[in-house]
Amino acid sequence: MIMCTNCGCAVTPGTIEIHSHDHHDHLHTHDHHHDQHSDHEHPHQTLTIHEAILSKNERLAERNRGFFWGKGLFVLNVLSSPGSGKTAFIERALTDINSYLPGAVIVGDLATDNDAQRLRRSGAQVVQITTGNVCHLEADMVAKALSEINLDSVKLLIIENVGNLVCPAAYDLGENQRIALLSVTEGEDKPLKYPTLFKTADVVIINKIDIAEVVGFDRELALNNIKKIVPQARIFEVSAKTGVGMNEWYQFLEQQILELKIN
């Protein structure tokens, strides 16, 4: 297995494909280079590349942030492990609030556009980024995808990051808030096992709360673990399937947008 020099994921050089409906643009990334020599010959090479890539990403993220502000967009970067219900959560939210809070979604996946097709049922604009073997989204990928969205009427932009609890945590995309989502089926110790992601979160969503009792989810333990790692984060307990807790989440979103004077 070839390991990525900047985040440790399994990566091979390839094309990042961004598409929305009939638009197909190709973004060739050059950030993932693999040293042809051994680590013994160049022991500092990985660190140098790592720092350079993150520095470049930070600059592009700031550019994105300025663009979002200029367009009056409130932007969420939603991160979770695969199977946590991230897509269902986003679909439910977009469907419920689209009439008064028009939204758009940028979806990141290693392969297929299944999630993008599903999210289009909400009526929102959706752009798919197919990353190939890249395990996270980067600021330049998001910037490229923005050209596929008509932002004139959009107030809320949701970035559904690649399902991964490690690598996406290192990459700022220019978002207003970072959302860490975990489901009751994943266990109460996820924040302890993946502290980097949770420490950078502004909000933690506990999803699938409707089946918490069935799967033996220890709510108090989970809440304590979250607060131990990220005491400043707002916590919402929801069920994307039944809608439990979602209204509180919508009210929070509206308040955040008002506080930033985005209109």
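## The β-α-β unit

In this predicted model, a right-handed β-α-β unit is built from strand 4, helix 3 and strand 5. Helix 3 covers residues 114–119, while strand 4 covers residues 103–109 and strand 5 covers residues 125–130.

The two strands of the unit pair in the parallel sense, with six bridges between strand 4 and strand 5. Within this pairing, Val107 has Gln128 of strand 5 as its bridge partner. Five of the six residues of strand 5 are buried, so this strand is largely enclosed by the rest of the structure.

## Aromatic pairs

The structure contains five aromatic pairs. In one of them, the ring centres of Phe89 and Trp249 are 5.8 Å apart and the planes meet at 45°; the pair is therefore tilted, since only planes under 30 degrees apart count as stacked and those over 60 as edge-to-face. Phe89 belongs to helix 2 (residues 86–97) and Trp249 to helix 8 (residues 246–259), so this pair ties together parts that are 160 residues apart in sequence.

Trp249 also pairs with Phe252, and here the rings are stacked, with 5.8 Å from centre to centre and 25° between the planes. Both residues lie in helix 8, three residues apart, which is about one turn of the helix.

## Burial and the ring cluster

Phe89 has 3% relative accessibility and therefore counts as buried. Trp249, at 2%, counts as buried, and Phe252 is likewise buried at 9%. The cut-off for this label is under 20% relative accessible area.

Ring pairs join Phe89, Trp249 and Phe252, together with Phe236, into a cluster.

Notes: Residues are numbered from 1 along each chain as its sequence is written. This is a predicted model: local features need pLDDT of at least 70, side-chain atom pairs count only at pLDDT 80 or more; totals for chains, interfaces and linings use all residues. Side-chain values use heavy atoms; hydrogens and water are left out. Buried means under 20% relative accessible area, exposed over 50%, partly exposed in between (1.4 Å probe, protein chains only). Helices (H or I, at least four residues) and strands (E, at least two) are DSSP runs, numbered from the N terminus. Two strands pair if DSSP finds at least two bridges between them. A crossover is right-handed if, with the strands pointing away from the viewer, the path from the first strand over the helix to the second runs clockwise. Rings of Phe, Tyr and Trp (its six-membered ring) pair if their centres lie within 6.5 Å; planes under 30 degrees apart count as stacked, over 60 as edge-to-face and the rest as tilted.
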